[in-house]
Amino acid sequence: DLVTVSGASRGRGLFEKRRKGSMALALLPQAAFAACSNYSDSGVDHFNDPLFGDDGLSPASLGVVTVLCWIITSLAVSAGIGGGGLLVPLYFIGLDVPQTLAVALSKGTIFGVACGNFAFLWSQRHPHVDRPLIDYKTAVFMQGGELMGVVLGVLFNLLLPQVVIIMLSALVLGFNAYKTIKKGIAKRAAETKAFAALEKKAARPAGAGEGDAPPPTLRQAVALEAEGKEGGDGSTGDGASEAGTSNVGSSANLVALDVQGNEALKKKILAAQARRFQPWAWALLGPMVTFFVVYSLLLGEIFDPDFTNCVVGYWPAYVSPFFFYGATTLYMARRNIAEGARMLEAGIEPVAGDIVWSRKSAGMLVPAAVGAGAAAGLLGIGGGMILGPIFVALDFQPQVGTATTGFMILFTAMGGTVKYLTIGKLSWQMFLWFAAVGAVGGQTGQRLVRRLIQRTGRPSYVVFLLGGIIAVAVVVMTSFGIQQAVEDADCGEDIWAPSTDQFVCEE
C-alpha cells in the first residue's frame, strides 16, 4: 500500500479527463500510454467519482474488465493470493484510469476477494485433524513480520531507480515461480507414487493378508499417502524431504496422537484448537491493522499537512512499526513456542505440514516473514506472491497454505482500502463494484479448488496454480513496467535516477 502510492508519485502532472466511448481491448494499451499525464493525479480527489454516466467509465470497457477481473480473482484465490500483480495493469490499461487510482482499486478489489474468501474459509476444517483450515498461529506470527518488512521495502523502493525495481521484480518473482512449480512437480510425483501403490494394493487378491475389508479409495487415501506415509522416508524424488524435515521444524510424517501424556491437558489443548473462532488471533490482528492505517495516514500528511521529513518527530514515527510489529512478532513467537511445549507435554504429535515451534524454528521464520514483507514493499505487490511460495517451501499442506495466506491478505487489504478511501484516492462506487466482483471471484475460486482436489485427489494442483499465476504475473508486470519506463523516458524522466525526495528536507 505505502509503496504503490509513493512509487506512483514519481509520475508527472494531473490526470486528464478520462476518454469516453467504446474501444477494443486490443487498442487499450496504446490509449492508456498515449499521454504523459496518465500516471499521477496527486491533486485529484476520486472518492465521489461515478461508475456510470457521462463522467463515469465506458460501459464496454467496464464490462470487459469486470469479466477479466472475475477470472483473475477466481484463479488467484485458488492459489491463495490476491492477484494484485495482474489487477493493476488491467485497471490502468483496461479502464484508462491513473496509476494511483488503479493501485487503489486493485487493493479494494483484493479486499472484496479476501472477504469472499474468508466467508468460505472460516467454516472449513483441516483435512487431517479437527481444527480450522486456517493456521492462525502461523498467520498472526507472519503478519507482524511481514508488515515490519514492508516499511523496509518501501524505503528501498523510494531510493532505487525504477529500472532496477523492474529487474528485481522479474528476478524475485521469476525465481519464486520456478521454485514453486518445481515443488509442484515433486508433490505430483509423490502423489503418482501413492496412486500406483494403492492401485497395486487394490488389485491384491482377497485373503492375501488384507482380509475382506475393501481397500481405501484413491481420493480418500492419496492426500495422506502423498504427504510421505507411503515409503516412510518422505522422499519427493528430488532429494529433498517432502513431508517437512526442513530446518524450520515442519513435521516429517502424518502421525496419530500419542495416547501417553497428560490426558487432561491434551483434551484442553485440542478443544481450544478445534474452535472455529479464535478470539486471541482477532484481538492481536485488530490493533495491528489499526496501527497500520493510522501510520499510513500520518505519513501521508492526512492528520497534519506539515508533518514532513523536516519535522523532528518524522523519522521516529517512520521507524515505529519496527518496534510495534517487532513486539507482536516476539509475543507470537513466545506464545507459539510455549504452546508447542504444552503439546509435547500432553503427548500431542504434529501432523504433516505443521510447524514444530521452537526457538530455532521461530528464529528462522522471522527473517522469512520480514523478507517477504520487504520484497512486497520493494516491488509494490501484495504479500501473497511472496508468502505463498514460502509456505510451499515449508511443506505446508496445500489447502492450509492457501487458506492461511488468504486470511492474511484480508487484513493488509482492509488497511489499504480504508487508507485509500480516507485520502480520496479510491472511488467508493468503483470500490463497491469491483469488491463485489472480487468477492464472487473469491467464492468461485475456493469452490473450484475444493472440487478439483476432491475429483482428482491431487493437492499438488494448488501448487501448480500458484506457480503458474506468479509466472504469468512476472510476464505481465515486467512488460507493464518496461512500457512505463519507456514512456517515462519519452516524457523526459531519468529512469536510472534514484529518488531522494523522501530523505531530503525541502523547506
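## Helix packing and a pocket in a predicted model

Helices α3 and α5 are oblique to each other, a word used for angles outside the ranges that count as roughly parallel (under 35 degrees), roughly antiparallel (over 145) and roughly perpendicular (65 to 115). This is a predicted model, in which local features need pLDDT of at least 70 and side-chain atom pairs count only at pLDDT 80 or more, while totals for chains, interfaces and linings use all residues. Residues are numbered from 1 along each chain as its sequence is written, and side-chain values use heavy atoms, without hydrogens and water.

Helices are DSSP runs (H or I, at least four residues) numbered from the N terminus. Axes are lines fitted to C-alpha atoms over the stretch in contact, and angles run from 0 to 180 degrees between N-to-C directions.

| Helix pair | Angle | Distance between axes |
|---|---|---|
| α3 (residues 59–78) and α5 (residues 99–121) | about 50° | 11 Å |
| α10 (residues 279–299) and α15 (residues 398–422) | about 30° | 9 Å |

α3 passes α5 in a right-handed crossing, meaning that the near helix is turned clockwise from the far one by less than a right angle. Their contact (heavy atoms within 4.5 Å) is made by Cys69, Thr73 and Val77 of α3 and Thr109, Val113 and Asn117 of α5.

The crossing of α10 and α15 is right-handed. Among the residues making this contact are Trp282 and Phe292 of α10 and Phe407 and Lys419 of α15.

Note on methods: Helices (H or I, at least four residues) and strands (E, at least two) are DSSP runs, numbered from the N terminus.
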